[in-house]
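Let's walk through this model together, starting with the sheet and working outward to the packing and the aromatic rings. Keep the structure open beside you as you read.

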Amino acid sequence: MEAFEILKIAANALNERKAKELTGIKIEDISDIADYFLICTATSNTHVRALADEVEEKLKQAGVMPDHIEGRASDWILLDYGTVVIHVFGRQSRDFYALDRMWSDGELVDFAEILDSALEE
């Protein structure tokens, strides 16, 4: 499956489960790590796990399995799908690691054309 389609499925799953501060960054032109980072903030550690589980389930239904998952017992879960790396953060970890700032040379994804419903703030 193409990276952009993985990004779209994951972004919609996160939005449906009320992820906060959803950010997509296209990094394929500046890094070999992946084509996209998808970053969001959860309201609690339970929400972090619920968001990550929802993404994993939706992508599994689409026939896409993660290459690797890190942080199941923390407030930052990383789901690595090869071309798309999804970061589900708790507030403190999102502020501390500041991936948005670190990867600011990447191109921001416009979710207006990706999300099935309005982006939650």
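What you have here is a predicted model. Begin with its open sheet: six strands in the order β3-β4-β5-β2-β1-β6, with mixed pairing. The edges belong to β3 (68–70) and β6 (107–108), and each of them has a single partner strand, so one side of each has no neighbour in the sheet. As background, strands of a sheet pair through backbone hydrogen bonds, either parallel or antiparallel.

Now trace the pairings. β2 and β5 run parallel and share seven bridges. To get your bearings along that seam, find Leu38, whose bridge partner in β5 is Ile86, and then Ala42, whose partner in β5 is Gly90. On the β1 side, β2 is joined to β1 by five bridges, and this time the two strands run antiparallel. Thr23 has Ile39 of β2 as its bridge partner there. β4 and β5 are antiparallel too, with five bridges between them, and Asp80 sits opposite Val85 in β5. These two strands make a hairpin with three residues between them, where Gly82 takes a positive phi near 80°.

How many of the residues of β2 are buried? Seven of the seven are, so β2 is largely enclosed by the rest of the structure. Both of its faces are covered, with Tyr36, Leu38, Cys40 and Ala42 buried on one side and Phe37, Ile39 and Thr41 buried on the other. β5 tells a similar story: seven of its seven residues are buried. One of its faces carries Val84, Ile86, Val88 and Gly90, the other Val85, His87 and Phe89, and all of these are buried.

Next, the helices. α1 lies across β1 (20–26), β2 and β5, and runs at about 5° to β2. α2 lies across β2, β3, β4 and β5, at about 160° to β5.

That brings us to the packing. The largest nonpolar core has 30 residues, and those touching the most other members are Leu14, Leu22, Leu38, Leu59, Ile86, Val88 and Phe111. Two or more residues each come from α1 (3–16), β2 (36–42), α2 (45–61), β4 (76–80) and β5 (84–90). α1 is the top contributor, with eight residues. For a view from inside, pick Ile86: leaving out residues up to four places away in sequence, it touches Ala10, Leu14, Leu38, Val55, Leu59, Ile77, Leu78, Leu79 and Tyr81. Apart from this core lies another, of ten residues, including Ile25, Ile39, Val85 and Trp103.

Thr41 deserves a stop of its own. It belongs to strand β2, and with a relative accessible area of 3% it is buried, because buried means under 20%. What does its side chain make a polar contact with? The partner is the side chain of Glu21, at 2.8 Å. Setting aside neighbours within four places in sequence, Thr41 is in contact with Ala19, Lys20, Glu21, Leu51, Phe89, Gly90, Arg91 and Arg94.

Last come the rings. A pair of aromatic rings is described by the distance of the centres and the angle of the planes. Searching the whole structure turns up six aromatic pairs. One of them is Trp76 with Tyr97, a tilted pair at 4.5 Å centre to centre and 45° between the planes. Trp76 is in strand β4 while Tyr97 is in helix α3 (residues 91–97), so this pair ties together parts that are 21 residues apart in sequence. Phe96 and Tyr97 have their ring centres 4.9 Å apart and their planes at 90°, so that pair counts as edge-to-face.

Are these rings buried or exposed? Trp76 counts as partly exposed at 23% relative accessibility, and Tyr97 is partly exposed as well, at 35%. Phe96, at 65%, counts as exposed. Together with Phe89, the rings of Trp76, Phe96 and Tyr97 form one aromatic cluster. Phe89 leads back to where we began, since it is one of the buried residues of β5 and one of the contacts of Thr41.

Definitions and conventions:
Residues are numbered from 1 along each chain as its sequence is written. This is a predicted model: local features need pLDDT of at least 70, side-chain atom pairs count only at pLDDT 80 or more; totals for chains, interfaces and linings use all residues. Side-chain values use heavy atoms; hydrogens and water are left out. A nonpolar core is a set of buried Ala, Val, Leu, Ile, Met, Phe, Trp, Tyr and Cys residues joined through side-chain atoms within 4.5 Å. Buried means under 20% relative accessible area, exposed over 50%, partly exposed in between (1.4 Å probe, protein chains only). Helices (H or I, at least four residues) and strands (E, at least two) are DSSP runs, numbered from the N terminus. Contact means heavy atoms within 4.5 Å. Two strands pair if DSSP finds at least two bridges between them. Axes are lines fitted to C-alpha atoms, for helices over the stretch in contact, and angles run from 0 to 180 degrees between N-to-C directions. Rings of Phe, Tyr and Trp (its six-membered ring) pair if their centres lie within 6.5 Å; planes under 30 degrees apart count as stacked, over 60 as edge-to-face and the rest as tilted. A polar contact is a pair of N or O atoms within 3.5 Å; within protein, one must be able to donate a hydrogen and the other to accept it, and residues adjacent in sequence count only if both atoms are side-chain atoms.
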